[in-house]
Amino acid sequence: MQSELILQVVVNGFLTAGVYMLVAVGLNMIYGVMRVFNYAQGELVMLGMYGAYWISTLFNVNPYLTLPAIVPLLFMVGVGIQRFMVAPLVKRRLPPESHVLTMIGLIFVLQYSAMLVWTSDYRNVVVPIATTSISIPPCQFPIGRLIVFLSSVSIAVLMFFFFKCAKMGKIIRATCQDREAAVYMGINIDRVEAFTFGLGAALAGVAAGLLLPLYYVNPFAGFPFTIISFIIVTLGGLGNFIGAIMGSLIIGMVESVVGTFISPEIASAVAFTIFVLVLILKPSGLFEE
Amino acid sequence: MPFPRNLLILTILAAVIPILPLPSYFFHILIMLLLFSYLSTAWTIVSGYAKQISLGHSSFVGLGAYVSTLLLIYFGVTPWFGAVAAIAVSLAVAVLIGFPAFKFGVRGPYFSFATMALAAILESIFISARKITGGSLGISIPYKESWAYFQFSSKIPYYYIALLTWFLAVTLAFSIERNWFGYYLMAIREDEDAAEAVGINVTRSKLIALLLSVGLTAWGGVFYAQYNLYIDPATLFGLPLSFQIATTSTIGNPKRWIGPTIGALVLVPFSEILRVVTGATFGSLSFLLYGALLIIVARFLPNGLHGLMTEKAKQ
C-alpha cells in the first residue's frame, strides 16, 4: 500500500511538472532571446483560458478544439505587447527597472480589464473525458493531466528541433548569442523579437487551452503560474532550455510529495525556499551548461 | 543642511485641518493618503535611492500587523510594545534574506524575485498556521477603546499618528538624501561595481538601507492593523499591496524624498474618487488606470510626476 502511494505520488509529480513546463518554456524562451522577463506570462495564460472558455461555451465545443483559434490569437497578442510595450523601451535605452515597471503595469491592466469584462467569478468548463482516469495498476492517470503532460513533452521536443534545424530557429539562436553580429548578418532583429514574443505567448495559449478543463479561471488565476515559472527557470538557469524542463520536474515533485504528505501550503513554501536558496547560492541555476 | 520650509508649512497646515468640521470619511482618505505616502517613502530608501527594487514589501507590512496583533490577542500585549516586537521580527527576517542576497550579489530582477518569493512564503505560512492565525479568513481585533490598546473611536488620533510618522519618515528620507550615506546609496544606484571600486562597502550600505526601510514598513503594518481592526493574509502579504507601494513611489519619483508623497497625493484620492463614482467591484477600474499610468510613467517619465513638475518649473 505504502509503495503504491509513493508510486502514485511520483506519477502525480510528473503530471504536475507537465503543467508547469508548458508555461515555463515560453517564459524561458522570451528571456533567452530578449533578456526581458515577461512578468505577464501567467496573465497571457489567463487571457487564453477566458478565450477558450468563451469559444467553448458560445459554440458548445470541447475546449481542446478551441486551440486552433486561441493559439494564433495569443501569438498576435504577444506580438502586440512586444511591438507597443517592450520595443519602445529598448529604443529609448531605458534601464531594466523601466521594463519591470512596465510589466507590472501590464499585469494590472490585464488582470483588472479581465475583471471588468468577466467579473471575479470562478468559471470552468466541465469536460467529462478530462476528469476520468485511466487505471494502470497500481497507478491512476487522469486523462486531462496526461494530455497536458504528453503535449508539453511533445512541444519540448518540437521546440528542440525547431531551434536546432529550422531556419527561423537558427536565426533566433543567433540573435540570442550576439545581437550586433546578428544585425551585421542581415537579420531583422525587430521581427525576430516580435516573433519570439509571439511564440512565447502562443505557448501560453497552448497551456490555456489544455488547462481550462482542469483549472478554474478568474482574473487572478494566471499570476501563480508566472511565479512558479520564474522559480523553475531560475532553478534551471535563465534561458537554459533543458534546465527549464529539469526545473519543472523538481518543482512538480516537491509539490506532489510535500503536498501529499504534509500540506499544499507548506509545499509552496518549500518550493519558494528552494528558489531563494538557489538564487542566493547558485544564481546561474543548477544546470549551467 | 537647509530644512525644506515647504514641508514644515505643509505639515503645520495638515495639523490644523481637524479644526474644520469635516466628515470622518474625509479623514479616512487623509489617513490612507498619509499611510501610503509613509509606506512608499520607506520603500524609496532601499528601492529608489539604492535601486534594490523590492516587490515584496508587503512581507513587512504583514509581519508588522500579524506580530503585534497576535501578541495583543494571545498575551494582551499593548500594540505599542507589540510594535517594538513587530519591528524586531521584521528586521530579523530582513537580515535573513537581505544579508545573503546582498553578500552573494543577488542583483536587479533577481532581488525583486527573491522579495516577491519572501512575501509568497510568508503568505502561505500564515495561511497554513490556521489554528493560530485563523488562516485566510484572518483575524478581527476585539474593539476596546483606549490609548493603551491603540484604539480610538474617532479618526482624529489616528490622523495625528499617521501625520507624525509620515513627517518623521519624510524627514529621514530627506536627511539621507543630503548625507554621505545617501551619496553611497546613489552611487550604488548608478553603478554598483564602480561604487565598490571607490571603496564603498556596498553590502553594508544596501543592508542598512533595507533595514531602515523594513523597520518603517513594519510600523506601517502595526498602524494598519490597529486602524482597520481586521487583518488577513491575502490583503497584507499579497502582491497587490507590494505593487501598490512600488507604484506609488515610482509614479511620484523614486529618487527623491518627496516623490512618494506626490505619488500618493495623486493616486489615493484618484482611486477613492473613482471608487465612489463608478462603484466598481474592488475598484477594478482604479487598478486598471493605475496600471496604465504606470506604463506611461515608466516609458516617458523616468523621474515620475515630480520630475515633470520640476522640469516645468525650470522652464
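Start by selecting helix H15 of chain B, residues 304-314. Gly304(B), Leu305(B) and His306(B) in this helix are buried. Keep in mind as you look around that this is a predicted model. To see what covers those buried residues, add helix H12 (239-252), helix H13 (259-278) and helix H14 (284-300) of chain B, which are among the elements that do so.

Now zoom out to the whole of chain B. Colour by secondary structure, and you should find 15 helices and two strands. The C-alpha trace spans about 55 × 45 × 40 Å along its principal axes. How does the radius of gyration of chain B fit a compact globule? Chain B has 19 Å, which agrees with the value near 20 Å that a compact globule of 315 residues would have. Buried residues account for 50% of the 315 residues in this chain. If you take the contacts in chain B between residues at least 6 apart in sequence, 77% of them join residues at least 24 apart.

For a single pair that is distant in sequence, pick Leu10(B), which you will find in helix H1 (residues 5-16) of chain B. Then add Phe167(B): the two are 157 residues apart in sequence, yet their C-alpha atoms are 9.9 Å apart in space. Is Leu10(B) buried or partly exposed? Leu10(B) counts as partly exposed because it has 15 C-beta neighbours inside 10 Å, while a buried residue needs 20 or more.

Next, bring chain A into view and look at where the chains meet. Here 37 residues of chain A are in contact with 36 residues of chain B. On the chain A side, select helix H3 (67-91), helix H4 (96-118), helix H10 (223-236) and helix H12 (264-281), each of which supplies at least two residues. H4(A) gives the most to this side, with 15 residues. Colour the chain A side by residue type and you will see 26 nonpolar, nine polar and two charged residues.

The last stop is the largest nonpolar core, which has 185 residues. Those with the most contacts inside this core are Leu22(A), Met49(A), Ala207(A), Ala114(B), Ala117(B) and Leu294(B), so select them together. Helix H1 (residues 2-34) of chain A gives the most to this core, with 14 residues. In soluble globular proteins, nonpolar side chains tend to be buried together.

Finish by centring on Leu22(A). Leaving out residues up to four places away in sequence, Leu22(A) touches Val148(A), Ser152(A), Ile155(A), Leu203(A), Val206(A), Ala207(A) and Leu210(A).

Conventions. Residues are numbered from 1 along each chain as its sequence is written. Chains are lettered from A and ligands numbered from 1 in the order in which they are written. This is a predicted model: local features need pLDDT of at least 70, side-chain atom pairs count only at pLDDT 80 or more; totals for chains, interfaces and linings use all residues. A residue is buried if 20 or more other C-beta atoms lie within 10 Å of its own, exposed if 12 or fewer, and partly exposed in between; C-beta atoms are placed from the backbone. Helices (H or I, at least four residues) and strands (E, at least two) are DSSP runs, numbered from the N terminus. Two residues are in contact if their C-beta atoms, placed from the backbone, lie within 7 Å. Ala, Val, Leu, Ile, Met, Phe, Trp, Tyr, Cys and Pro count as nonpolar, Asp, Glu, Lys and Arg as charged, and the others, Gly among them, as polar. A nonpolar core is a set of buried Ala, Val, Leu, Ile, Met, Phe, Trp, Tyr and Cys residues joined through C-beta atoms within 7 Å. The radius of gyration is taken over C-alpha atoms; the globule rule is 2.2 Å times the number of residues to the power 0.38.
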